[in-house]
Amino acid sequence: MLSQVCRSEFQSFTQRLLPWVQSTTLSLSRSRRVQPPAIRHVRSWSNIPFITVPLSRTHGKSFAHRSELKHAKRIVVKLGSAVVTRGDECGLALGRLASIVEQVSVLQNQGREMMLVTSGAVAFGKQRLRHEILLSQSVRQALHSGQNQLKEMAIPVLEARACAAAGQSGLMALYEAMFTQYSICAAQILVTNLDFHDEQKRRNLNGTLHELLRMNIVPIVNTNDAVVPPAEPNSDLQGVNVISVKDNDSLAARLAVEMKTDLLIVLSDVEGLFDSPPGSDDAKLIDIFYPGDQQSVTFGTKSRVGMGGMEAKVKAALWALQGGTSVVIANGTHPKVSGHVITDIVEGKKVGTFFSEVKPAGPTVEQQGEMARSGGRMLATLEPEQRAEIIHHLADLLTDQRDEILLANKKDLEEAEGRLAAPLLKRLSLSTSKLNSLAIGLRQIAASSQDSVGRVLRRTRIAKDLELEQVTVPIGVLLVIFESRPDCLPQVAALAIASGNGLLLKGGKEASHSNRILHLLTQEALSIHGVKEAVQLVNTREEVEDLCRLDKMIDLIIPRGSSQLVRDIQKAAKGIPVMGHSEGICHMYVDSEASVDKVTRLVRDSKCEYPAACNALETLLIHRDLLRTPLFDQIIDMLRVEQVKIHAGPKFASYLTFSPSEVKSLRTEYGDLELCIEVVDSVQEAIDHIHKYGSSHTDVIVTENEKTAEFFLQHVDSACVFWNASTRFSDGYRFGLGAEVGISTSRIHARGPVGLEGLLTTKWLLRGQDHVVSDFSEHGSLKYLHENLPVPQRNTN
């Protein structure tokens, strides 16, 4: 009786499971960040519309770079046992599986042809058979053994083939239920090694798979573990035409090559391929793996479940690569990435290990990061005069090699013509005067760097013969990402050299010719003291988002570019501080007591001198009393002459019969000859407006009333606050810093134009004579003194 009741409960298991699957997949689809791209065109099959993207590729050669993976048309996703099963190895990880199904569905609905090679039948069957064995105990045994002993009843070792036979139907039913939520049909195919050795069966299998793909059906392929014989040692994986199907890794590779697949994604329970067993102290994830590199890899044990280990995956991956299929091995179990790992790989993001037959001409970005770290440490040990000599030499090269630099810049400008907006073209352009200004700024940096690194900030006598010092040191390795600004490269390089920091530079492709020659000149200058590798220019196809993940190599990210670039980097950076500002919404408040002679000069210079700069004026706040006065008319006339387009704020528009276009947002950085004008009733209202709509960059008051000006200076909470001066003074060179790596609006470490001082941090040096803490206990022999000692005077010459 007990057995019958329990069997009845178990038989309703799948009925209870289906609503859970429906609710899980639906909730995942609502909350998941993975979204299909914009609809290009729509095709349909069986009256079910789905999104497609134009994908076309002739199979025969694998992709050379990750960025090309987005062109993959036919994709095989292999789900390892560790991905599909729960931690107890008895049953399926349903939430993880639902997430994978959603990602496959998104890609399928983009017009790609998706195939799954899945494990899980043995685990699903094991769960079912264990339950059946417990339930099949006789009522007498259950009654005599007692409830506690029943729970501890030994379960016999279950034969894998029997588990597979019991689990296949349930596993497929689960997949069908999940794919149905996305209006996608799935079909099951079970194969063995013999199916690939029989030519007729191979042709039949090939034809079946092609027909399923043609009908927009996702084939779900698995080895027929219910009948498959144990794997025997053989000489497989030696050539394109020979591979045994002895586990799902080899099955996925064989299937990928047979079906001329563009991409094989192998999901396991590790991040990818490491140069030594994961978890060991020196293990490093290999971003790109090339044929022939296996000699440099030490393989560990296989995963907790499944038949193959990482070595089997690598052999299968290399076999597939040789057959023309690109391969990525990645983690499909990590809760933070499993929800988008497949789509991230297809988008070309730096996930897992990518197998490629094409080695890059230069070092990888990881190698460049290590070189920058090593070179930066050597740079920091140089004498201040040696670092200054490097910078002086770079300044000389900028003027001596002027013709070569301008020729490279001309190539960039010609290639960018028609592709870049006028403000970006102006940023891209170099000139003789710009190079001369750069050289002057670099010499200022060299002069100010004499006592930057190793400067003593504080000295304390802790106790007799125990002295503590706080000294300045470099931050480490800086990553500076900049757009359309080749003049940024020597500025930032000089600041990094002066502060003893290693430097990774990632410039926009629109300035590639200019950046290349400027970097060569920088390395030429560094070579005079043997630290050429301290400054690296990243020329690989690395995406900015991927660079922001190198938290073990980079200590600080400094973006130089559009507000969108800065926001993207701040969002992408994981565990790495970002110094900068996302917007430069600079305000100028014209007070009722402003000087007529000063206002128009200040407004013209702030807005019109270089409107694309982040320190250009974007919003002009005018005191209400100035409306319809000669001063106001002069401002409007000047803006009209300079061809500045005016956007009226809500209050300003209410005063006008025929107003200019009303501003869409009071928080706008135009970066062009456009300006928002708004009316305020007082200095306090101006301050409130700045705090609400500004970006804490640079804000100005124009007034002859000193009391009002000081109130403004003290109460505006921005990085730079000026009185009767142009917003354009917010600049490292104009501040006398020599140059700047950027302007920071953050409140930690550095704020405003960040020059040499902002690229330093500190460390503590303690010098003692066999001192131990126990000597300072209640009954110890020593007492703390904590005496402040004089600090060596800084050389300001």
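**Exercise 1. Classify two of the aromatic pairs.**

The structure holds 6 aromatic pairs; work out which class Tyr175 and Phe179 fall into, and do likewise for Phe632 and Phe652.

*Solution.* Before starting, note that this is a predicted model, where local features need pLDDT of at least 70, side-chain atom pairs count only at pLDDT 80 or more, and totals for chains, interfaces and linings use all residues. Residues are numbered from 1 along each chain as its sequence is written, and side-chain values use heavy atoms, with hydrogens and water left out.

- Step 1: recall the rule. Rings of Phe, Tyr and Trp (its six-membered ring) pair if their centres lie within 6.5 Å; planes under 30 degrees apart are stacked, over 60 edge-to-face, and the rest tilted.
- Step 2: apply it to Tyr175 and Phe179. Their centres are 6.5 Å apart with 25° between the planes, and the pair is stacked. These two sit 4 residues apart in helix α7 (residues 160-180), so about one helical turn separates them. Helices here are DSSP runs (H or I, at least four residues) and strands likewise (E, at least two), numbered from the N terminus.
- Step 3: turn to Phe632 and Phe652. With centres 5.9 Å apart and planes at 70°, the pair is edge-to-face. Phe632 belongs to helix α23 (residues 630-641) and Phe652 to helix α24 (residues 650-654), so the pair ties together parts 20 residues apart in sequence.
- Step 4: check burial (buried is under 20% relative accessible area, exposed over 50%, partly exposed in between; 1.4 Å probe, protein chains only). Tyr175 and Phe179 are buried, and Phe632 and Phe652 are both buried too.

**Exercise 2. Set two salt bridges side by side.**

Find where Glu199 and Arg203 lie, and where Lys313 and Asp249 lie; then decide whether each residue is buried or partly exposed.

*Solution.*

- Step 1: use the cut-off. A salt bridge has a side-chain nitrogen of Lys or Arg within 4 Å of a carboxyl oxygen of Asp or Glu. By this rule there are 35 salt bridges.
- Step 2: take Glu199 and Arg203, whose closest N and O atoms are 3.8 Å apart. They are 4 residues apart in helix α9, about one helical turn. Glu199 is partly exposed at 43% relative accessibility, as is Arg203 at 47%.
- Step 3: take Lys313 and Asp249, joined at 3.5 Å, N to O. This pair links distant parts of the chain, helix α11 (residues 310-322) and helix α10 (residues 248-258), 64 residues apart. Lys313 is buried at 7% relative accessibility, and Asp249 is buried at 6%.
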